[in-house]
Amino acid sequence: MTTTYVLRGARPLGGDAADVVLSDGVITQVAAPGTAVVPESADVVEIAADGHVLLPGLVDLHTHLREPGREDAETVASGTRAAAAGGFTAVHAMANTSPVADTAGVVEQVWRLGQEAGWVDVHPVGAVTVGLGGERLAELGAMADSAARVRVFSDDGKCVHDPILMRRALEYVKSFGGVVAQHAQEPRLTEGAQMNEGVVSAEIGLAGWPAVAEEAIIARDVLLAEHVGSRLHVCHLSTAGSVEIVRWAKGRGIDVTAEVTPHHLILTDELARSYDPTYKVNPPLRTAADVEAVRAGLADGTIDIVATDHAPHTREDKDCEWGAAAFGMTGLETALSVVQATMVDTGRMTWADVARVLSANPARIGRIDTTQGRPVAVGEPANLTLVEPAATRTVDGAAQATASGNTPFAGRDLPGRVVATFLRGRATVLDGAPVAPVDAGGRGGAR
Ligand SMILES: [Zn+2]
């Protein structure tokens, strides 16, 4: 028998309090507080949720799970456990694994590992080019037709910089409603780049990654998408100029969507003065003016989603001098708190907006919106996250569920706490702690 959960006094999307009942994988009641009829069942769990916000389960369009190949940094099991802890019920796993996810075989492997782990739905992203080499298109159609049903394609970590290949990829994915997600980085303009090109890079003597290297690719790609009538998604947009280009493209009717990471909503390149490689990330942390521009772009809908770019790295790859350290930071377990701090607590967005940018929109872009990113309503799949916005926590990198410790928020106080996460009515997190999915198959959360 499955457990029935009764969430007493929760506020769906931050609205009026209600009792919400989850049973057999779906939402069965949304009733006035105190009026939910509890079924005559032996297995009912009541959760006191007064003041808590109930959101559709979060969906990440941009997660690096590192398996296969770098299980020392993260596995599908550990990364998806971190995702559940952060309130997610689905993630898209980036293709830059070893081997690269550029065939039906590899994407099916990642998809199966996700099912076995049981923490969230794992949707593999397929590589655009063979081996991320930027020379030949990968088997996009075979990945789309595979059991993993891939709809998002990206060479993330690398830019599809050859315009002919980018054009062909955009044309190809049209036939099955796919999307190309571009890591916008002009390679020649960023050779050897270590951080944002600007005042700080000049003062501390690190090679700069100029805003134009991102903006030039986005400008080219929105025009290519318009030319071939296809759908483009821009990964981790980070500059004020990029926001302006996407705003212009949308105004022109071009089918483009864009994401911003939590870290680009809150951190700036001033942090590089510490020479602490925790803050080394690609695209780099930008200026305070860029942070303000991406917040404004997210608030006005120019930027469609927040995506984590969760990029776990081992100590050996990160605890070294800046120039030798890997790019990237973790993000699954802090994303919602950063969005609350920067957008909700500042009055720029409502919780309904949060549900849009962290659940409904990423589900729609990834073509998983029949099961994820749904309204909190009777009959809908019970993919949900329950958040306590009034809580404050001090981030402890060592205590996180991810296998890697490279969070830029260690020691910081962040608002909000994920109290519970439900995947098709099954609790993956309760009382703020992950609950091993015992009935999900062999590998579970103990791995
Ligand atoms: Zn990237």
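In which loop does H236 lie? I looked this up before anything else, and found H236 in the loop between β13 and α7, where helices (H or I, at least four residues) and strands (E, at least two) are DSSP runs numbered from the N terminus.

**Ground rules.** I am reading a predicted model, in which local features need pLDDT of at least 70 and side-chain atom pairs count only at pLDDT 80 or more, while totals for chains, interfaces and linings use all residues. I number residues from 1 along each chain as its sequence is written, and I take side-chain values from heavy atoms, with hydrogens and water left out.

**Confidence.** I noted an average pLDDT of 96 for the chain, with 98% of the residues scoring at least 70; pLDDT is the predictor's confidence in each residue, from 0 to 100. Over residues 441–447 pLDDT stays under 50, and for this stretch I find 15 contacts beyond four places in sequence in the model, a contact meaning heavy atoms within 4.5 Å. Where pLDDT is low, the predicted coordinates should not be read in detail.

**Zinc site.** I then listed the protein donors of the zinc ion, which are D156 through OD, H183 through ND1 and H236 through NE2, at 1.9 to 2.3 Å from the ion. Donors here are N, O and S atoms within 2.8 Å of the metal (3.2 Å for Na, K and Ca), and water is not among the atoms, so sites may look incomplete. Along the chain the donors of the zinc ion follow the spacing D-x26-H-x52-H. The pair D156 and H236 links distant parts of the chain, 80 residues apart, with D156 in the loop between β9 (152–153) and α4 (163–173) and H236 in the loop between β13 (232–234) and α7.

I checked burial next, taking buried as under 20% relative accessible area, exposed as over 50% and partly exposed as in between (1.4 Å probe, protein chains only). Both D156 and H236 are buried, and H236 counts as buried because its relative accessibility is 2%. I also noted that phi of H236 is near 20°, a positive value in a residue other than glycine.

**Other backbone entries.** R367, also not a glycine, has a positive phi of about 60°; I place R367 in the loop between α11 (351–365) and β16 (384–394), and its relative accessible area of 35% makes it partly exposed. I found a cis peptide bond from E67 to P68, with omega near 5°, and P68 lies in the loop between β6 (58–63) and α1 (76–85). Another cis peptide bond joins N282 and P283, with omega about -5°, and P283 sits in the loop between β14 (256–260) and α8 (288–299).

**Helix pair.** I looked up how α6 (residues 211–228) and α7 (residues 240–251) pack, and read an angle of about 10° with axes 9 Å apart. Axes are lines fitted to C-alpha atoms, for helices over the stretch in contact, and angles run from 0 to 180 degrees between N-to-C directions. The two helices, α6 and α7, are therefore roughly parallel to each other. On the α6 side the contact includes I218, V222 and L223, and on the α7 side I245, V246 and W248 are among the residues met.

**Helix α10 and T330.** Nine of the ten residues of α10 (residues 335–344) are buried, so this helix is largely enclosed by the rest of the structure. T330, in the loop between α9 (315–318) and α10, is buried with a relative accessible area of 4%. Not counting residues up to four places away in sequence, T330 touches H310, A311, P312, Q400, T402, S404, N406, T407 and P408.

Key: Parallel < 35°, antiparallel > 145°, perpendicular 65-115°, else oblique.
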